[in-house]
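Trainee: I would like to learn how to read strands and cysteines in a model. Can we go through one together?
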Amino acid sequence: MDHDDTPRAGWLGPWLKGFPALQPPLPLADVAQRGWTLHELPTPLAVVRQQALAHNIAWMQNFAAQRGVQLAPHGKTTMSPQLFRRQLDAGAWGLTFANVHQLRLGLAAGARRALIANQLIGAAELAELLDLRRRHPGLELAFFVDSQAQLDLLAAHWADLGQGEARIDVLIELGTSRCGVREHGPALALARALKTHPALRLRGIGFYEGLQVRGESEPDRALMQQWQTRIEALLSDIEAEGLIDADAQPLWLSGGGSALFDLVAPVLAGKPGRLGLLRSGCYVCHDHEHYGRYMRSMDERMGTPLSAPSLQPALEVWTQVLSCPEPGLALLNAGRRDVSFDAGWPLPVWHLRGAERSKAPAGWRVTGLNDQHAYLRWDPSGWDGPAVGERVALGPSHPCTTFDKWAWMAVVDEDDRVVDAITTQFA
């Protein structure tokens, strides 16, 4: 029987890699009824562990509540409406995005509070933002500003687009190595300019510490002390000059937090009249190495017992061995088109012989990726390798740039049964 290979919104089908091509298309909601196991689905295949996913969402929400901050997870990590919904249902204050296009998709998934943690400068972006605000009454929103040039551009666009519109809230972004105002004086000058700006209203301050994180407690504590000193100095001057409107309360203060949330949260919390917004996004599926290393440092600082793990890696990419052309080398059928490599090679985490799954030997390592191949190596004098046709599950070292390689992912239980699926909307 022939099947329709035409892509359909809200459906999975053979137009998607990892979907069983001889199966008919089906609505996303019907995936669990198929009774699939991972062992019978084609590879490569992106997989989300249901138990770890649920644990991470609940754990991070509880962390934020205990620290007196709100969670505004960064949507760019997954761009998955199903995961957005899970995060919001668990109690997230709202969602963070990198641009207006991502915001549009987040609003469609149910978000009604949002940050655009980036600079908005174009007339087309402003027009789209105003359209979204009109179509979603009550939307609470702010984006980042960091220069007088940006304010001037938006004032010019506003003259054409914003007649009769209420001003849009913004956060002054402080920065060191990416966007963001570098010095106290220019930041305060921006706050003064926003007081009378025709289009924009100052709502608070944002920052991103992630590119400076070391994963070592002493320098990371010193880093966050520097950020706190800088932020408090600017807020003190802003408040002394009355540069935030009385109706723009509470003041929003937002930090990144994926790699250092235990030290970022105290900077955001603890002052009356402030709303601390933690933008961590990678926690939802965590990872097997890059953020795993940072998490080990955080667990040590927080005194997390080994018996009560904090975040757990939930994301895997399942592969098969195509060839073992020489001792100590296996070529897997997944590569740069399937798994992230920007923060390190993926780690072998599972080895499957038939339906039997066991941990990958410690001596296995991925040493390189081509577009469609991964190089799995081991010392043949000390370790056995996988055989042609056997499966190897890889653990990405950075979740963000694995999600954007997949239009759907299978959600599985601990017995490798497919119990749900998610989609992504990067394109």
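Trainee: Which residue in β12 does Val47 stand opposite?

Mentor: Keep in mind that this model is predicted. Val47 stands opposite Glu316 in β12. That contact belongs to a pairing of β3 with strand β12, residues 315-326. The two run in the antiparallel sense, over 4 bridges.

Trainee: In which sense do β3 and β19 pair?

Mentor: Parallel, over 3 bridges. Strand β19 covers residues 408-412. There, Arg49 stands opposite Val412.

Trainee: Which way do the side chains of β3 point?

Mentor: Start with the general idea. Side chains in a regular strand alternate between the two faces of the sheet. Now the case here. Leu45, Val47 and Arg49 point one way from β3. Ala46 and Val48 point the other way.

Trainee: Is β3 largely enclosed or exposed?

Mentor: Strand β3, residues 45-49, has 5 of its 5 residues buried, so it is largely enclosed by the rest of the structure. Arg49 is among the buried ones.

Trainee: Now the cysteines. How many disulfides does the count come to?

Mentor: The general idea: a disulfide covalently bonds the sulfur atoms of two cysteines. Here the count is 0.

Trainee: Why does Cys285 have no bond to Cys282?

Mentor: Check the distance against the cut-off, which is within 2.5 Å. The closest cysteine sulfur to that of Cys285 is in Cys282, 9.7 Å away, so it is too far for a bond.

Trainee: Are Cys285 and Cys324 buried or exposed?

Mentor: Cys285 is buried, at 0% relative accessibility. Cys324 is partly exposed, with a relative accessible area of 32%.

Key:
Residues numbered from 1 in each chain as written. Predicted model: local features only at pLDDT ≥ 70, side-chain atom pairs only at ≥ 80, totals over all residues. Heavy atoms only, no water. Buried < 20%, exposed > 50% of the residue type's maximum accessible area, 1.4 Å probe, protein only. Pairing = 2+ DSSP bridges.
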